[in-house]
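Here is a short report on ligand surroundings. Please have the sequence and model at hand.

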Amino acid sequence: MSDFLTDSFGRPLEYLRLAVTDRCNLRCFYCMPAEGIDYVPRQDLLSYEEMLRLTRIFVQLGVTKIRLTGGEPFIRKNFYGFLKRLTKIDGLDKIAITTNGSVANRHIPFLKEVGITSINLSLDTLNKEKFNKITRRDFFNQAMNTYQAVLDAGIKLSVNMVVMEGENIEDIIPMAMLTQKDNVTIRYIEEMPFNGKGTRNSIGFNHTKILELLTSGLPELSSIPFAYGTTAQEYAIKGHKGKVGIIAAWSRNFCNSCNRIRVTATGHMKNCLYDQGVLNLKRMLTDGSSDQMIYEAIKTGYSKKFKDGLVAEANQTNPISESMSSIGG
Ligand code: SAM
Ligand code: SF4
């Protein structure tokens, strides 16, 4: 834990999730409609300069880990140049990226070289046809190449699988079996309503059901103590190199130790996925505010963090309608 900023429930701010773009080359149906979402005008996105400035301020406030997400981070122009500069910022111990793996595979050795510490690869099935149906695009082979390239490069790898009843329940065990030979963590994520359509989902297959299914298919499963600041309850499987984890993203049972905030691609600070934003950082970055003013505004914003995601959602004035691609998943 850092000695720096804490919210009114004593939770430190240590982890920043930064969306580097709202654009994406896939159309995963749990994230956005087939026709895509209305992308914001380019000038409304944070520039790399602005992201670097913000990151330095967040580091002063206690942030030691950053995750770059989106949209698809690797499709933003000159992302690699940005990474080079980001990894030079003192005080960041962990720099992670979440990607769909569609265009990243050739560049994985570069990521290792500049010091990216972990990659989360989104992969909801090992079946190519099903992958194409879920993502509405044809990038399965590229995603699998990225999977292998990350392992080969020795970068810590987690796979994110959104669990959807009627779509990929039968893939839960085959995905877990990847851990037999590979040092990978397969993380099963409850589906959330951030699909860009404004429709509220009810979870058919929640974390309890996922665990039941895993335990019946893998009797040698044993739980690993929950680590502070994480969202996944992890399990080891006897004899396997990797492990599995379940993220109750909809049930929200991990908020007690939440140490994270999000900055969207348009520079809105969110204390929680389920709140509607507490601070417009883009405005401050462009209206002549000093670093000190931004620092103080972040402190005030963080003090408004709700006790948990359920309270955050209850305080929304509008029903959830955003795409995860705009928020930064
Ligand atoms: N494009 C990158 C990718 O897919 O990995 C990064 C951005 S994506 C929004 C980040 C993560 O959010 C992915 O792992 C994706 O599966 C997850 N995600 C998107 N929509 C979701 C939803 N409605 N419920 C749960 N997870 C979701
Ligand atoms: Fe794109 Fe990631 Fe959303 Fe899929 S989950 S549409 S890859 S942003």
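The text below covers the two ligand sites.

This is a predicted model, in which local features need pLDDT of at least 70, side-chain atom pairs count only at pLDDT 80 or more, and totals for chains, interfaces and linings use all residues. Residues are numbered from 1 along each chain as written, chains are lettered from A and ligands numbered from 1 in the order written, and side-chain values use heavy atoms, without hydrogens and water.

**Ligand 1.** The shell holds 18 residues (a heavy atom within 4 Å). The closest are Tyr30, Gly71, Ser122, Asn160 and Met192. Strands β3 (94–99) and β5 (156–163) each supply at least two shell residues; strands are DSSP runs of E, at least two residues long.

The table lists polar contacts, which are pairs of N or O atoms within 3.5 Å.

| Ligand 1 atom | Protein partner | Distance |
|---|---|---|
| nitrogen | Gly71, polar backbone atom | 3.1 Å |
| nitrogen | Glu72, side-chain N or O atom | 3.2 Å |
| oxygen | Thr99, backbone N or O atom | 3.1 Å |

Taken alone, ligand 1 exposes 540 Å², and the protein buries 96% of that. Areas follow the Shrake-Rupley method with a 1.4 Å probe.

**Ligand 2.** The residues around ligand 2 are Cys24, Leu26, Cys28, Tyr30, Cys31, Met32, Gly71, Asn100 and Ser325. By class, six are nonpolar, three are polar and none is charged. Here Ala, Val, Leu, Ile, Met, Phe, Trp, Tyr, Cys and Pro count as nonpolar, Asp, Glu, Lys and Arg as charged, and the others, Gly among them, as polar. The shell around ligand 1 has six nonpolar, nine polar and three charged residues.

Conventions:
Polar contact = N/O pair within 3.5 Å; in protein donor to acceptor, adjacent residues only side chain to side chain. Helix = DSSP H or I, 4+ residues; strand = E, 2+ residues; numbered from the N terminus.
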